[in-house]
Amino acid sequence: MYIKIATVSFLLVLFSNNLSCLASEQPSSFEDVRCKCVCPKYQDKNNTLPDRTVYISDNVNPRLCKCEYVVKSATPELCPRCECKYESRNTTTIKVVVVFVICIVSLLFVYMLFLLCLDPLIAHRPPRYEEHTNEEVNLDDQTVRRVPQQPKRRPVRQMSIIDHVKDEQKKWKGTVSEQRKNIYDRHAMLN
Amino acid sequence: MGELGKVFEDSCFVSEYTKELEEGASNIDTLEDLPPGIGQYEDFHTIDWLRDIARDRMRHRHIIKKKQEGCWEKLKSAHDAWSGWICVLMVGVAAGACAGVIDIGTTWLSDLKEGMCREAFWLNREQCCWSANDTTLDDEGCSQWFTWSELVGISGQGAGAFIVKYIFYILWALFFTMCAALFVRVFAPYACGSGIPEIKTILSGFIIRGYLGKWTLLTKSLGMMLSVAGGLSLGKEGPFVHLACCFGNIFSYIFPKYGTNEAKKREILSAASAAGVSVAFGAPIGGVLFSLEEVSYYFPLKTLWRSFFCALAAAFVLRSINPFGNDHLVMFYIDYDEPWYIQELIPFILLGAFGGLYGSFFIKFNIAWCRFRKQSRLGQYPILEVLLITFVTALISFPNPYTKMNTSEMIRMLVSRCGSEDTTDLCDYQRNYTSIDSYTASTFIGDGVKTALWQLSLALIFKGVITIFTFGMKIPSGLFIPSMAVGAILGRIIGIGMEQLVVANREHWIFENMCQSKQFCTITPGLYAMVGAAAFLGGVTRMTVSLVVIMFELTGGLQYIVPMMAAAMTSKWIGDALGKEGIYDAHIRLNGYPYLDSKEEFTHTTIAADVMRPRRNDPPLCVITQDSMTVEETEAILRETEHNGFPVVISRESQYLVGFVLRRDLILAIANAMKNQEGVVSNSVVYFASHVAANPNGPAPLKLRKILDMAPVTITDQTPMETVVEMFRKLGLRQTLVTHNGRLLGIITKKDVLRHIAQLQNQDPESILFN
């Protein structure tokens, strides 16, 4: 289960990486570094009050993160009062994490729909169908006996893996329904 | 519990039993011929700390003994010595990474309610406008950020756009919380709630199987993101503790030393809960103290150091992920160091008093509502309830900017100072832009602040009330952030009021020292918000030390410790005067978990004979004799009774005690012997004695000395209950046997003690649910 999730999300990440590579042909404004200058509102001699106090410049050299380079309308009086900070972030991490979250939420959502809608239908199959499967198993055994040793193992092992998974799922369903009974029906805990 | 080790050593090394005991107990752990599962516990059972610690010590002694045998054994012993540290390192790393994912995911999801970054959908609003120079920093963000009305095609600020945004906001909120509620119901019902009351109960020595499992972990982490993103009045900080404990439980299975020994596992869980708070608030030291003050039951120094290391590892990993993009671990880092004045202690203490009042008000009503949910038909519609509360919350939240935004963002805004970059209503002061220091000095408020005050008051009432109904719903929900938010709002309001008072009366002798000059007074309303948040959180949870440490780590305001200490202490006093217990203890009592509180004092004069089973008119105690019962008779006892353990005596007539055997161990051992041992049939004699009588004609004997606990704790029937309760608390007993003149008379279990305490407090003794 986890391996499946991991591979799917890995593929999706690759895919979205490709997409972003295509997209990055056009000038993108989602840089990983910025220089942010915050200047106080200051009324100079010309009596003009600047309409903004935050100036951001991307793609800068850390050494050039100074008011003179960032604030276009800089005046000698204003600049000493500005605070400039060089900051960095990692958009790739954010992208990977968000895609990962979306994948897991949608996987669980689909699995939940399966459990809520399809599973009850499968569980209440008509009896005739079950007989049919029994026959199939018998046939299978006969064919297994006929064919030589070597290829025989594979279906058996596959069956056992599927059985194992089914067993695990059954056990898990049992514990979950027990928990549900405790919490939702008897209100014995976690109130 | 601190005496636990010492007492064991005394009984082990000083008593005459030493050799025999060592043989018996070392057999338990080192020999492979015992069936698997011996020494484990059933679901909803209490663990026996003494027995588990003794088992671990025997195992340890065995390893030391084998160490001389060669290099490989030496390596094994080294692995055993460092496995605790490796385990907590793994827990810390996993908790930090998980917290990073959850932090990023939550901010993204909750901004999705309002809009989207069209060119890079994975960025939230802040990150979307991070490098844009046209950021206006109002509600709408920048040109890359598109609200839903713009995405649908309605631009502008008209009524149409407002309604579209409103509808999208509500629909997304409903979708998120519906997902959270359904996930919890379908995949892991144990993932609901905050988890701290249950963690406390588990750490005090109780087994809840599946509570710290993989599915709980997955469901709770997703559910946390979804429910916080749904805009409900709840936080993700409490559930982080549960998540970290899940990691602790899962990783402890890699190391059999911890995985197979419940008492040792709790050491890892204590460290894990420290890591949980460490990543939730970015407060490693606060996390360790939280684990010590609030969660843990048994906390030796070794665990303290492990918790410290675990919290450190978790904080380091989270810091390298840098989820908030601000190079800090936390969302609300403050960057000011304005002084505070002695007169301000009065409003701080007042805030503390309000915090205590709100705390007991909240606990009372929340418990009443939870009890109503438990007993009425409301409890039958958990998902509908979640959807209804979400709808109401979203409907009322949207028009008010302070409730519409993410709660953590609101707290950040309230605790920060108004700098020159802030253009919000809250920072609309009548400033004079011709002076240089215009931003650090306090001045009169403008119209914007007046509006903000109105909106904040409404937000205060709304948040304070809706949290009562939200906490305890069947979705993952924490309490820290909402109670801090309520406190921060009130604190900011009081802070602004104080600021205006000082500014208006700056000549007055009381406020004289607060103003350096006639123009320059510094009152920081953000500091009041910070103190308010601490006070309200303290009122609800009744924490003190860990709370203050968490708060100053959270905000980085090292010099504001005294105001926060004053507020936290006042809120605890007021809260304790109005209602004895904090919210977690109240929930433990509501659910009837078998939690023996070590804070309460036992002051009644009852004696052991009053509490002991069997009572006066009951049938005599059910015992097993050491060398005269057959397998059939033993099985009959197991079938007919439901006791979890049986005393073993020399004979029914003498009733002299030999030891104690647990039901589960007995069943497993008999079943295993019938299957694997030759000659054991249903009329074989079961021997607990060391000497087996030779009987060549009869069937082979069944020797069960290995599963017998030969050092059960015993008391006499005249022992005062005060002592007995202390023994249960400090030694972590599961049961104690009562003797009279040296003969076995009865038994007292932890449940009996809890029932007795409940009865003395005039409560229904049957409310203690589990074994």
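# Chat on the A–B interface and the cysteines

Biologist: How many salt bridges are there between chain A and chain B?

Modeller: The count between chain A and chain B is zero. Please bear in mind that this is a predicted model.

Biologist: How many residue pairs are in polar contact across that interface, then?

Modeller: The rule finds ten such pairs between chain A and chain B, with both residues of a pair at pLDDT 80 or more.

Biologist: Which elements of chain A supply the side that touches chain B?

Modeller: At least two residues each come from helix H1 (2–23), strand E1 (33–38), strand E2 (54–58), strand E3 (83–88), helix H3 (91–123) and helix H5 (149–185) of chain A. The largest share comes from H3(A), with 18 residues.

Biologist: What is the make-up of that side by class?

Modeller: The side of chain A that touches chain B has 33 nonpolar residues, together with eleven polar and eleven charged ones.

Biologist: How many residues does each chain bring to the contact?

Modeller: Chain A brings 55 residues and chain B brings 61 residues.

Biologist: And what area do the two chains bury between them?

Modeller: Chain A and chain B bury about 5700 Å², and 69% of that is on carbon and sulfur atoms. On the chain A side, A:Tyr184, A:Leu190 and A:Asn191 supply 14% of the area buried against chain B, more than any other three residues.

Biologist: Let us turn to chain A itself. In what order do its elements run?

Modeller: Chain A has five helices and three strands. From the N terminus on, the order is α-β-β-α-β-α-α-α.

Biologist: What part of chain A is buried?

Modeller: Of the 191 residues in chain A, 30% are buried. As for contacts in chain A between residues at least 6 apart in sequence, 63% of them join residues at least 24 apart.

Biologist: Now the cysteines. How many disulfides are there over all chains?

Modeller: A search of the whole structure finds six. One of them joins A:Cys35 to A:Cys65, with an S to S distance of 2.0 Å.

Biologist: Is the disulfide of A:Cys35 and A:Cys65 right-handed or left-handed?

Modeller: The torsion about its S-S bond is about 80 degrees, so this disulfide is right-handed. A:Cys35 lies in strand E1 of chain A and A:Cys65 in the loop between E2 and helix H2 (67–70), so the link ties together parts that are 30 residues apart in sequence.

Biologist: Is A:Cys35 buried or exposed?

Modeller: A:Cys35 is buried, at a relative accessible area of 0%. Its partner A:Cys65 is buried as well, at 11%.

Biologist: Where does the disulfide of A:Cys39 and A:Cys82 sit?

Modeller: The sulfur atoms of A:Cys39 and A:Cys82 are 1.9 Å apart. The torsion about their S-S bond is about 115 degrees, so this disulfide is right-handed. A:Cys39 is in the loop between E1 and E2 of chain A and A:Cys82 in the loop between H2 and E3, which puts the two 43 residues apart. A:Cys39 has a relative accessible area of 1% and counts as buried, and A:Cys82 is buried at 12%.

Biologist: What is the handedness of the link of A:Cys67 and A:Cys79?

Modeller: That link is left-handed, with -80 degrees about the S-S bond. A:Cys67 lies in helix H2 of chain A and A:Cys79 in the loop between H2 and E3, so the pair ties together parts that are twelve residues apart in sequence. The sulfur atoms are 2.0 Å apart, and both A:Cys67 and A:Cys79 are buried.

Biologist: What is the pairing pattern of the bonded cysteines in chain A?

Modeller: Numbered in sequence order, they pair 1-4, 2-8, 3-7, 5-6.

Biologist: Over to chain B. Which cysteine sulfur is nearest to that of B:Cys87?

Modeller: The nearest is the sulfur of B:Cys310, 8.5 Å away, and B:Cys87 is in no disulfide. B:Cys87 is buried, with a relative accessible area of 0%.

Biologist: How far is the sulfur of B:Cys192 from the closest cysteine sulfur?

Modeller: The distance is 11 Å, to the sulfur of B:Cys370, which is too far for a bond. B:Cys192 also counts as buried, at 0% relative accessibility.

Biologist: One last item: how many residues of helix H18 of chain B are buried?

Modeller: Seven of the nine residues of H18(B), residues 407–415, are buried. Among them are B:Met410, B:Ile411 and B:Leu414.

Biologist: Which helices do the buried residues of H18(B) pack against?

Modeller: They pack against helix H17 (401–404), helix H19 (447–470), helix H20 (480–504) and helix H21 (525–541) of chain B.

Definitions and conventions:
Residues numbered from 1 in each chain as written. Chains lettered and ligands numbered in written order. Predicted model: local features only at pLDDT ≥ 70, side-chain atom pairs only at ≥ 80, totals over all residues. Heavy atoms only, no water. Contact = heavy atoms within 4.5 Å. Buried area = accessible area lost by both parts, 1.4 Å probe. Salt bridge = Lys/Arg side-chain N within 4 Å of Asp/Glu carboxyl O. Polar contact = N/O pair within 3.5 Å; in protein donor to acceptor, adjacent residues only side chain to side chain. Helix = DSSP H or I, 4+ residues; strand = E, 2+ residues; numbered from the N terminus. Nonpolar A, V, L, I, M, F, W, Y, C, P; charged D, E, K, R; others polar. Buried < 20%, exposed > 50% of the residue type's maximum accessible area, 1.4 Å probe, protein only. Disulfide = S-S within 2.5 Å.
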